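Subject: Structure handover and notes

Dear colleague,

I am passing on the structure below, and my notes on it follow. Please read them with the coordinates open beside you.

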Amino acid sequence: MPLLRIDDDGFRLDGEPFRILSGGLHYFRVHPGHWRDRLRKARLMGLNTVETYVPWNLHEPRPGEFRMEGGLDLPGFLDLAAAEGLYVLLRPGPYICAEWEGGGLPSWLLADPDIQLRSRDPRFLIAVDDYFRRLLLPLRNRLATRGGPVLAVQVENEYGAYGDDISYLEHVAGSLRHRGVDVPLFTCDQPADLERGALPGVLATAKFGSRSVQNLSALRAVRSSGPLLCTEFWIGWFDRWGGSHVVRDAERAAQELDELLATGASVNFYMFHGGTNFGFMNGANDKHTYRPTVTSYDYDAPLDEAGDPTEKFAAFREVIAKYAPIPAEPLPASGEKLVVEGVTLPECAGLLDCAPLLGSEVASWRPRTMEQLGQDFGFVLYETSLPDAGPVLLELELVRDRAQVFLDGQPVGVLERESHEHSLAFFVPRPGSVLRILVENQGRVNYGPGIHDRKGLLGRVLLNGFPLVGWTSRPLPLTSLAALPFGAAQDAEAVPTGPAFHRGTFETDRTADTFLHLDGWTKGVAWVNGFALGRYWSRGHQRSLYVPGPVLRTGANEVVVLELHAPDRYRQVDFRDTPDLGPTEE
């Protein structure tokens, strides 16, 4: 592979002037069975490069336990990019933001109660150095200096919006170099944060979605010479639960792209293909109010969540053709979709009754956090006995993030962090009544100081103003549902009260992408053939879940839905050929 060089007048590739035309494509948000297809479509739009973050929290879920297989086969993804003739901008963090759980930082870091993330805290830096060592060893041969596709590697991510400790950035850059990264390094910040996030001797780049001339001037004020690169050209946006599906007019976005390319700058679309926050991997924001991100990461990108071209694909391709050659091949067509209506889920298993099969309890004086339990994602079930009968006021000092409260197995209320709720009043019928609190981690904050976002019940639990002590804390990561004893529920009365798993099967003679619709269901998580699709919630706006075709198989397929409240009265779901991402707003 040619080598990228940074000169005063721009990029050069093997001595020739070079413009980076790149698009964001996160391998961890796309089923690996679709990687080749998405990369081919990137080339067909006229891109010569793709960009990807690297999620530390997936690659190293526990200290020293490093994963790089299946959907985390980053070397394989890079090899496919090279085979398609594409270069790669690699963004390994350690922090990535990306509307991803915890900004990509592993939750086990937060088991240390006073650790300072993204800082020179020795505990953090030791973990970062070890992460880079494990990550970069198998990637060295994919660097352009060794014939691979990786042209450049990013140092941290938008650090100028978080801090101004240049020594920390120097440590991260030095750690990358020490572990064999000998291609150019770069930083990436919003224009107002460039001075705080830039590093001497390292290429500074900017992120924005409009006013290209103005924003590139801000970049030039920080770097008087060298290439101009917009590392995140925002052509869409992410969505939150309870909001609308944010879109951006294709014609206007294409005009902004034309303005950017007319300056001679290089670009990376954020995103080219957004993909999906499968499982429990969505992030959240908390600017005085907690706002979890939805499962879909469609991003109103040139490829939609299912990898089909949108109006932006053709519009951007037309603009790119003014500045660079594009493949003389037709535009890609949309893929086939599978439709299966009226799939019944007749089998049930109550979560509260089956909890001992899903996780082992830990006894303690006060409730344990997820991080203290060694748990990353999912739920924690807390349990204690109440000493007296009568009216009570239950106060939870810090709910992280959504608590369902049960008394002797019956629901008595819900407390949500998003709504700043902390207390419930109810009547205790007898001494010794069992109080259970099911807490959902709805996604760790991925931006700002809120990234120190521990989950579960934090702080004190009070009953009528007095501390309630003597608890068991049971982690429910739901990484496997194999132990659940499903049984048939013949009528509505047989459906368990409260959270329950519902299971059913359907037959198909072909496989293709599809969308799971849960009309009439309330809130929960869905799996198909053991693959965690992600969360659904009737509050919207997203009302369907993307199902990648490779997850399905010919013959029988299994659907499992964890409904936290009330299922559809017929306990049915549909697989349709179109998504429902809700009403839109620009």
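The lining of the second largest pocket consists of nine nonpolar, three polar and seven charged residues; please bear in mind here, and throughout, that this is a predicted model. The volume of this second pocket comes to about 310 Å³, and of the 19 residues that line it, Cys-97, Glu-99, Trp-237, Phe-238 and Tyr-447 lie nearest its centre. Two elements, β10 (229-234) and β13 (284-286), give two or more residues each to that lining.

The largest pocket holds about 1,100 Å³ of space. Its lining is made up of 39 residues, with Leu-58, Arg-67, Met-281, Thr-479 and Ala-532 lying nearest the centre, and the elements that supply two or more residues to it are α2 (56-59), β31 (531-537) and β33 (555-563). By class, the lining of the largest pocket divides into 22 nonpolar, nine polar and eight charged residues.

Strands β31 and β33 also belong to an open sheet of six strands, whose order is β27-β16-β28-β33-β30-β31 and whose pairing is antiparallel. At its edges stand β27 and β31, each of which pairs on one side only. At the β27 end, strand β16 (residues 347-350) pairs with β27 in the antiparallel sense over two bridges, and Glu-347 stands opposite Ala-488 of β27.

The loop that leads from β26 (471-476) to β27 (487-488) contains Pro-485. Leaving aside neighbours within four places in sequence, Pro-485 is in contact with Cys-348, Ala-349, Cys-354 and Leu-357. One of these partners, Cys-354, is 131 residues away from Pro-485 in sequence, yet the two C-alpha atoms are 7.9 Å apart in space.

A second open sheet that I looked at has four strands in the order β22-β19-β24-β25, again with antiparallel pairing. Its edges are formed by β22 (423-428) and β25 (466-467), and because each of them has a single partner strand, one side of each is left without a neighbour in the sheet. Strand β24 (residues 456-463) is joined to β25 by two bridges, the two running antiparallel, and Leu-462 stands opposite Pro-467 of β25.

Among the helices, I would draw your attention to α4 (residues 122-136), which has 15 residues and reaches 21 Å from its first C-alpha to its last, close to the 21 Å expected at 1.5 Å a residue. Its buried residues are Phe-124, Leu-125, Ala-127, Val-128, Asp-129, Tyr-131, Phe-132, Leu-135 and Leu-136, and what covers them includes α2, α3 (74-83) and α5 (166-178). Helix α2 thus appears both here and in the lining of the largest pocket.

Finally, in the loop between β6 (87-91) and α4 there is Leu-110. Is Leu-110 buried or exposed? Leu-110 counts as buried because its relative accessible area is 4%, and the cut-off for that class is under 20%. Not counting residues up to four places away in sequence, Leu-110 touches Ile-115, Leu-117, Glu-371, Arg-444, Ile-451, His-452, Asp-453 and Arg-454. The C-alpha atoms of Leu-110 and Thr-369 are separated by 9.9 Å, although their positions lie 259 residues apart along the chain as a separation in sequence.

With best wishes

Methods:
Residues are numbered from 1 along each chain as its sequence is written. This is a predicted model: local features need pLDDT of at least 70, side-chain atom pairs count only at pLDDT 80 or more; totals for chains, interfaces and linings use all residues. Side-chain values use heavy atoms; hydrogens and water are left out. On a 1 Å grid over the protein atoms alone, a cavity is a set of points where a 1.4 Å probe fits but cannot get out, and a pocket is an open set with protein on both sides within 12 Å along at least five of seven lines; lining residues have an atom within 4 Å of a point. Grid points are joined across faces, edges and corners, and a volume is the space filled by probe spheres set on the points. Ala, Val, Leu, Ile, Met, Phe, Trp, Tyr, Cys and Pro count as nonpolar, Asp, Glu, Lys and Arg as charged, and the others, Gly among them, as polar. The expected span of a helix is 1.5 Å times one less than its number of residues. Buried means under 20% relative accessible area, exposed over 50%, partly exposed in between (1.4 Å probe, protein chains only). Contact means heavy atoms within 4.5 Å. Two strands pair if DSSP finds at least two bridges between them.
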